[in-house]
Amino acid sequence: MNNTIKKVLIGVGLIIIVLFVFIVVSSVNNKKQKETEKLNNTLKEVATTFYKDYYYKVVLSSDRNKVVSFKDNGIKLTLNDLAKYKINEEDSILSQFKNYKTNENCDYYNTKVVIYPIEPYGDSDIRVETTVVCGI
């Protein structure tokens, strides 16, 4: 083989290797992103259920105007706090929050939500911000 063909084959080989590395890295990042999004969505669901079934009905039941006082600062809770409101289901809630790689539990005290009531301040009228700490 002459020198030009060798250079072309080496160039094509390098391009294939670079593409393969790019695809592998992209799929790993995509998996991380999907798992993080899944944990955030689950945390939002838990927070929404907590607010609707407990906080709004029990804590705010006597004074619905108190809801407005939380619209700017929000209601700040850890995952551990959220799980405790359902006494018989605490372990079930917490078990959903694991690192998909290591299967270790997320940090229940640093995984947090902030629930912001929004107008018209009903039991479902909220915006939830999440922070998930799972080492992903």
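Let me start with N80, which lies in helix 2, residues 79-84. Please bear in mind that this is a predicted model. Is N80 buried or exposed? N80 counts as buried, because its relative accessibility is 7%, and the cut-off for that class is under 20%. As for its surroundings, leaving aside residues up to four places away in sequence, N80 touches E90, L94, Y108 and Y109.

I turn now to the sheet. Three strands make up an open sheet, in the order 1-2-3, and their pairing is antiparallel. Strand 1, residues 75-78, and strand 3, residues 126-131, are the edge strands, each pairing on one side only. On average, neighbouring strands of this sheet are turned by 20° against each other, with direction ignored. As a general reminder, strands of a sheet pair through backbone hydrogen bonds, either parallel or antiparallel.

How many bridges join strand 2 and strand 3? Strand 2, which covers residues 112-117, pairs with strand 3 over six bridges, in the antiparallel sense. For one position along this pairing, consider I115: its bridge partner in strand 3 is V128.

Finally, I come to helix 1 and the surface. Helix 1 spans residues 3-59, and I10 lies in it. I10 has a relative accessibility of 55% and therefore counts as exposed, the cut-off being over 50%. Which residues join I10 in a nonpolar patch on the surface? They are L14, I17, F20, V21, V24 and V25, and together with I10 they present about 660 Å² of accessible area.

To close, I would set the two residues side by side: N80 in helix 2 is buried, whereas I10 in helix 1 is exposed.

Terms used. Residues numbered from 1 in each chain as written. Predicted model: local features only at pLDDT ≥ 70, side-chain atom pairs only at ≥ 80, totals over all residues. Heavy atoms only, no water. Helix = DSSP H or I, 4+ residues; strand = E, 2+ residues; numbered from the N terminus. Buried < 20%, exposed > 50% of the residue type's maximum accessible area, 1.4 Å probe, protein only. Contact = heavy atoms within 4.5 Å. Pairing = 2+ DSSP bridges. Axes fitted to C-alpha atoms, helices over the stretch in contact; angles between N-to-C directions. Patch = residues over 30% accessible without salt bridge, like charges linked within 9 Å, V, L, I, M, F, W, Y side chains within 5 Å. Areas by Shrake-Rupley, 256 points an atom, 1.4 Å probe, with all protein chains shown as cover. Salt bridge = Lys/Arg side-chain N within 4 Å of Asp/Glu carboxyl O.
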